[in-house]
Amino acid sequence: MNGWRGASPTARLLLVAVLLTGLTTFMFLPLLAIELTAQGIPAGRTGFLVGLLAFSSQAFSLLSGLLVDRLGPRRVMAAGFLLRIAGYVLLGLGGAGRPAPLVAGIVAVGVGGSMLGLSTKTLLVSQEGSDPRTMLALRSTFVNIGVVVGPALGALVYPLGFRYILAACVLSHLVLGIGLVSGRTAAAVPGRTAAKATGPVAAPGTEPDAAAGRPGDVTRWTLLRHWAPLAALGVAYWAIYSQLNVLLPIAANELTGSTAAISVVFTANGLLVVLFQYTLLSRVFRRATARTLLALGFLAFACAYAVLIPLAGWYSLLAFVLPVTLAEMLIGPSLDEQAVNAAALRRTGLALGTMSAAGALGSLLGSSLGGRLLQATRGGSLAWVLLVGCSLAAAAICLLLPKVRTRHA
C-alpha cells in the first residue's frame, strides 16, 4: 500500500494499534454472550450486558470527543488503555455470583474503547503528509482485518478458557499503551489541529479568510448548513446498516434454509473491505468529493436491498453482498471525512465524536424499528422496499452538503 509506505512513523504505529486492538476485541466480543450463558447467567440478563457494552461505547462518544479536544488525544488514549485493561481484569473476576465487577468491567471496556477509538482516529486524520481520506481508508482496512481474523483466533483459544482471551486483551493493550503513550511520536498532534494557535477554520465551501471576516451569524449558518444534513446522514447510515444485524440474519435463514448463511455474508463482506477499501478510496475515487461518495454509497444501499425484494434464495443473498459492501466502504470513511472538514480549529475530536453519537442514535433507532418492521411485514418484501426508499432519501440528502474537494497531501 502506497498509503502505508508514505505514512509517518506515528501513523504506522497507530495503525498497528488499530489492528491489534481490533484482533483482540473481536476475539473477545463474539464469545462474550456464550461465556456469560455458560456461567449460568440467564439469557435476558446476558442480552442486557452485551447491549450495555455497545451502549457504554456509543453513549460516551460525544464526551470522548470533547475530552480529546480539551485534554489532547495522548492523555485520552492513555485513559482509554487503562480503562480497557481494568475492564478486562474485572471481567475475569466477575461472574454469575459476582455481578458488580462484571457490570463495572463491561462499562470500563465500552468507555475505554470509545476513548481509544476517537483519540487514535483524531491523531490519524491530523498526520502531516497524509490526507484524512487515506488515513481513514487505511484505518477501516485494519479494523476489518480484526473483524475477519479475530473471531477465528477467539474460536481457537476459547477451548483453553475465556480467561486466556482476556489475558491476550490485557497484554496487547498494555504493550500498545506503553508504546504509544510513552513514545515521542504520540506526544503531539501534528498537522491540521496544530496549524494555527487561534482563529476559526474556514467552513467547507468558503474561502479561508471568509470564516474570520464575516459576521458570526453567517459562519453559524454555514456550519449549520453542513452539520444538519451530515448528522442526519450519520443517523440514516447506521439505521440502515444495523439491519445487517436485525433483519438480515432472520431473512437469510428464511431465504436459504441455512443458519450458516449469515456467516457467509459477513465473511465475504469483511474480506471485500480488507481487499478493496484502500484502493477504492485512495485510487478509484481519489478525485471524488466526499459528498459524491456518500451519495453513491446510499445508492449502493438501495441496490443491495432491492435485490432482496424478489426473495430469490441464495441468488438474492449473494447478490446483496457486493453492493452492501460498496456502501459500507464509501459511506463510513466519507462521513468522518466530511466531519473533519466541517470541524472548527482544535475541534476534530468533537466532530468525530458527534458522528459517533449520531451512529449510536441510528443504531438504536434501526434496531428498534427493524424488529417492528419485521413483525409488521411478516417476512415479506415490503421491508426491503421501505429500506430502498430510505436509502434513496438519504442519497438525496447528500446533495444538501457543501461540495468540498479533498485536499490531498
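Me: Which class does cysteine 303 fall into by relative accessibility: buried or exposed, or partly exposed?
Reply: Let's start with the ground rules: this is a predicted model in which local features need pLDDT of at least 70 and side-chain atom pairs count only at pLDDT 80 or more, while totals for chains, interfaces and linings use all residues. Residues are numbered from 1 along each chain as its sequence is written, and side-chain values use heavy atoms, leaving out hydrogens and water. Buried means under 20% relative accessible area and exposed over 50%, with partly exposed in between (1.4 Å probe, protein chains only). Cysteine 303 comes out at 46%, so its class is partly exposed.

Me: And cysteine 169, is that one buried or exposed?
Reply: Its relative accessibility is 0%. That puts cysteine 169 in the class called buried.

Me: How many disulfides does a search of the whole structure find?
Reply: A disulfide is a covalent bond between the sulfur atoms of two cysteines. Here the test is a pair of cysteine sulfur atoms within 2.5 Å. Searching the whole structure, the number of disulfides found is 0.

Me: What does cysteine 390 sit in?
Reply: Cysteine 390 is partly exposed, at 44% relative accessible area. In space, its C-alpha is 7.9 Å from that of alanine 236, though 154 residues separate the two in sequence. Helices here (H or I, at least four residues) and strands (E, at least two) are DSSP runs, numbered from the N terminus. The one holding cysteine 390 covers residues 382-398 and is called helix α16.

Me: Okay, how many helices are there in the chain?
Reply: The chain has 409 residues, and 50% of them are buried. Its secondary structure has 0 strands, and the helix count is 16.

Me: Which residue in helix α7 pairs up with glutamate 337?
Reply: The two side chains meet in a salt bridge (a side-chain nitrogen of Lys or Arg within 4 Å of a carboxyl oxygen of Asp or Glu), and here N to O is 2.9 Å. Glutamate 337 is in helix α14, so the pair ties together parts that are 204 residues apart in sequence. Both ends are buried, with glutamate 337 at 3% and its partner at 2%. That partner is arginine 133.

Me: Which residue makes a salt bridge with lysine 121?
Reply: The structure holds 2 salt bridges, and in this one the closest N and O atoms are 2.9 Å apart. Lysine 121, in helix α6 (residues 99-125), is 215 residues from its partner in helix α14 (residues 314-342). Lysine 121 is buried at 9%, and the partner is buried at 10%. The residue you want is aspartate 336.

Me: How far apart in space are leucine 272 and valine 321, C-alpha to C-alpha?
Reply: Leucine 272 is in helix α12 (residues 261-284) and is partly exposed at 22%. Not counting residues up to four places away in sequence, it touches Gln277, Val321, Leu322, Thr325 and Met329, where contact means heavy atoms within 4.5 Å. Valine 321 is 49 residues away in sequence, but the C-alpha distance is 9.2 Å.

Me: Which helix gives the most to the lining of the second largest cavity?
Reply: On a 1 Å grid over the protein atoms alone, a cavity is a set of points where a 1.4 Å probe fits but cannot get out, and lining residues have an atom within 4 Å of a point. The residues lining the second largest cavity include Phe28, Leu91 and Phe162. With 4 residues in the lining, the biggest giver is helix α2.

Notes
On a 1 Å grid over the protein atoms alone, a cavity is a set of points where a 1.4 Å probe fits but cannot get out, and a pocket is an open set with protein on both sides within 12 Å along at least five of seven lines; lining residues have an atom within 4 Å of a point.
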